[in-house]
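User: Please take a close look at how one pair of helices packs in this model, and then place that pair in its surroundings. I would like the criteria behind each term spelled out.

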Amino acid sequence: MAEEPASPSPAAQSQSQAAPLGSSVIPIVNKLQDIFAQLGSQSTIELPQVAVVGSQSSGKSSVLEALVGRDFLPRGNDICTRRPLVLQLLQTKRKADGTEEEWGEFLHHPGKRFYDFSEIRREIQAETAKEAGDNKGVSDKQIRLKIFSPNVLDITLVDLPGITKVPVGDQPSDIEARIRTMIMSYIKKPSCLILAVTPANSDLANSDALQIAGNADPDGYRTIGVITKLDIMDRGTDARNLLLGKVIPLRLGYVGVVNRSQEDIMLNRSIKDALAAEEKFFRSRPVYNGLADRCGVPQLAKKLNQILVQHIKAILPGLKSRISSALVSVAKEHASYGEITESKAGQGALLLNILSKYSEAFSSMVEGKNEEMSTSELSGGARIHYIFQSIFVKSLEEVDPCEDLTDDDIRTAIQNATGPRSALFVPEVPFEVLVRRQIARLLDPSLQCARFIYDELIKISHRCLVNELQRFPVLRKRMDEVIGNFLRDGLEPSETMIGHIIEMEMDYINTSHPNFIGGSKAVELALQQAKSSRAVPLPVRQKDGPETDKAPASERTLKSRAILARQVNGVVADQGVRPVADVEKIAPPGNVSSWGISSIFGGGDNSRMSAKESSTAKSHIEPVHSMDALEQSVSLIHLREVYN
């Protein structure tokens, strides 16, 4: 029995049954997997494969070595598989003289053949340490290995790290969650078959492999159960009910295997001898009679090959459709890149053509002549016009020029300008100080408008990139940098010029403007208001008694006029005030602000007079504000956000 291993006969039988499809399709799928692994786009098209999952030390590596028939994987008591190992088994033909030739190839060493399988083990250990370190660390970066042998069947397997509970070495505290996430990234794909490995000396209901496989494949259509270590079960127990699926049923069934023990590995017991011992074990156990198709590594290889071929048959139409659609899209993208230009003159002409098209597209978008004009939102020059007219101009028109400028501020500024003397006329210094403060409020919204325009020009530069730039991502990135720097360099002098304009407006107040209300203009407006108010009879007030009513209306007007004038100038005057001019005689009482100081700063708007201001109109007003405090209390103007 030891001289005639069980692996050749099932392999030959499986080869005769599945060779026409398996030998032709599986290598093609493997080649596609290698290409996608190099391109980094494996998730674009899901290719069929078999993922091996299980808890740590469940016997996954022993199963893979038994399928290959050679000892080539790192072994030990601690975690050994610390990176996903994509193992592609490819069946070769024997030589004419009947000799066999077996070798391995790594994807990261293309063309290099490893005939010594112990050297393959050392290469796997070196690559694992390079990526995951030497102290039990784990990485999700793949190692791709091909095994060429006449003693294997065409199968593609992925050996994943074993599920562990407690972190050791350099493993992070959440090592279990990370390994489960890594395993789920493989087995959740419908194209992946799941090889769930569970040791027979543990309760199947507590199997980590079946639990995580059930999460990815709840219906059990893609899960194959493997029961390992049947030879170390408790005496009086067996795995017959497990293999028959009576405990936890699986649609693809279970296969039981007997692995090499750690002592066998240390004694260099060959896998061929282990396969012979496995066959002897099953034949010597009557309980496993009638389960020949569910026992042994050769039956597992045969089952995997058949299921993988059937799985490829099932997903082949959809896979072909996805590949065809991907080819069409790639062909369109390739055609958009144009022809390859190798000569210097041709490259220069192409670059000049791209820059010319970009300039034309930018100009067309600003002037509104773009053929691909948007109908859902403003863009280009129309959006810039919208920023100027609807955002900047309207925001300034809605601002009260006399905001935060009360009559108390004006009186205090006039008193500060007169010094120890009383003001006979309104001085110009407080007028200029207060007006400059109001003009300075225009600086911030003007700078905001400039930044809005800069942002819009940046958006235009991104939208008008021509299709030819898709061929040259470096050129596109460089153009974005140059255009951004150019616009940014233009923003700084623009902001400086805006500041100079505001300073010029603050330095020279044009009192000759027809809309400016000066002294003569204020007198003229007062006369017009007086004439219009003559026809309106004044109501008689009866709160001062009979003597007050006997006084002529003109005298009462002169008295109230004298009181208001006295408040404005900050000087206490006598109670008896004689008319000085006809203008004062005809001036309506209580309307001094319509032609006096307030009219110079914004017209005769009586709404600005409040109860607070009337209560502060005393015989002598103390200056309560300093000019520094006035300048600090200036309110800022903010433009509205630019909406589509």
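Analyst: Helices α11 and α14 are roughly antiparallel to each other, a class that covers angles over 145 degrees, whereas angles under 35 degrees count as roughly parallel, 65 to 115 as roughly perpendicular and the rest as oblique. Helix α11 spans residues 381-397 and helix α14 residues 443-463, and the two pack at an angle of about 165° with their axes 10 Å apart. The axes are lines fitted to C-alpha atoms, for helices over the stretch in contact, and the angles run from 0 to 180 degrees between N-to-C directions. Helices (H or I, at least four residues) and strands (E, at least two) are DSSP runs, numbered from the N terminus. The crossing of α11 and α14 is right-handed, the near helix being turned clockwise from the far one by less than a right angle, while anticlockwise would make a crossing left-handed.

On the α11 side, the contact (heavy atoms within 4.5 Å) is made by Arg383, Ile384, Ile387, Phe388, Ile391, Phe392 and Leu396. These meet Pro445, Ser446, Cys449, Phe452, Ile453, Glu456, Leu457, Lys459 and Ile460 of α14. By class, the contact of α11 with α14 has twelve nonpolar residues, one polar and three charged, where Ala, Val, Leu, Ile, Met, Phe, Trp, Tyr, Cys and Pro count as nonpolar, Asp, Glu, Lys and Arg as charged, and the others, Gly among them, as polar.

This is a predicted model, in which local features need pLDDT of at least 70 and side-chain atom pairs count only at pLDDT 80 or more, while totals for chains, interfaces and linings use all residues. Residues are numbered from 1 along each chain as its sequence is written, and side-chain values use heavy atoms, with hydrogens and water left out.

A second helix pair can be set beside this one. The axes of α12 (residues 407-418) and α13 (residues 428-440) come within 8 Å and cross at roughly 135°, and α12 and α13 are therefore oblique to each other. Here too the handedness is defined, with α12 passing α13 in a right-handed crossing. From α12, Asp409, Ile410, Ala413, Ile414 and Ala417 meet Val429, Pro430, Leu434 and Arg437 of α13, a contact that divides into seven nonpolar, no polar and two charged residues.

Helix α13 also holds Ala440, which is partly exposed with a relative accessible area of 34%; buried means under 20% relative accessible area, exposed over 50% and partly exposed in between, with a 1.4 Å probe and protein chains only. Leaving aside neighbours within four places in sequence, Ala440 is in contact with Ile502 and Met506. Ala440 and Ile502 are 62 residues apart in sequence, yet their C-alpha atoms are 6.8 Å apart in space.

For the wider setting, the protein has 22 helices and eight strands. Buried residues make up 40% of its 644 residues. Among the contacts in the protein with a separation of 6 or more, 78% are between residues 24 or more positions apart.

One loop residue gives a buried example away from the helix pairs discussed here: Thr164 is found in the loop between β5 (155-159) and α4 (175-187). At 9% relative accessibility, Thr164 counts as buried, and, with neighbours within four places in sequence left aside, Thr164 is in contact with Gln56, Gln171, Ile175, Glu176 and Ile179.
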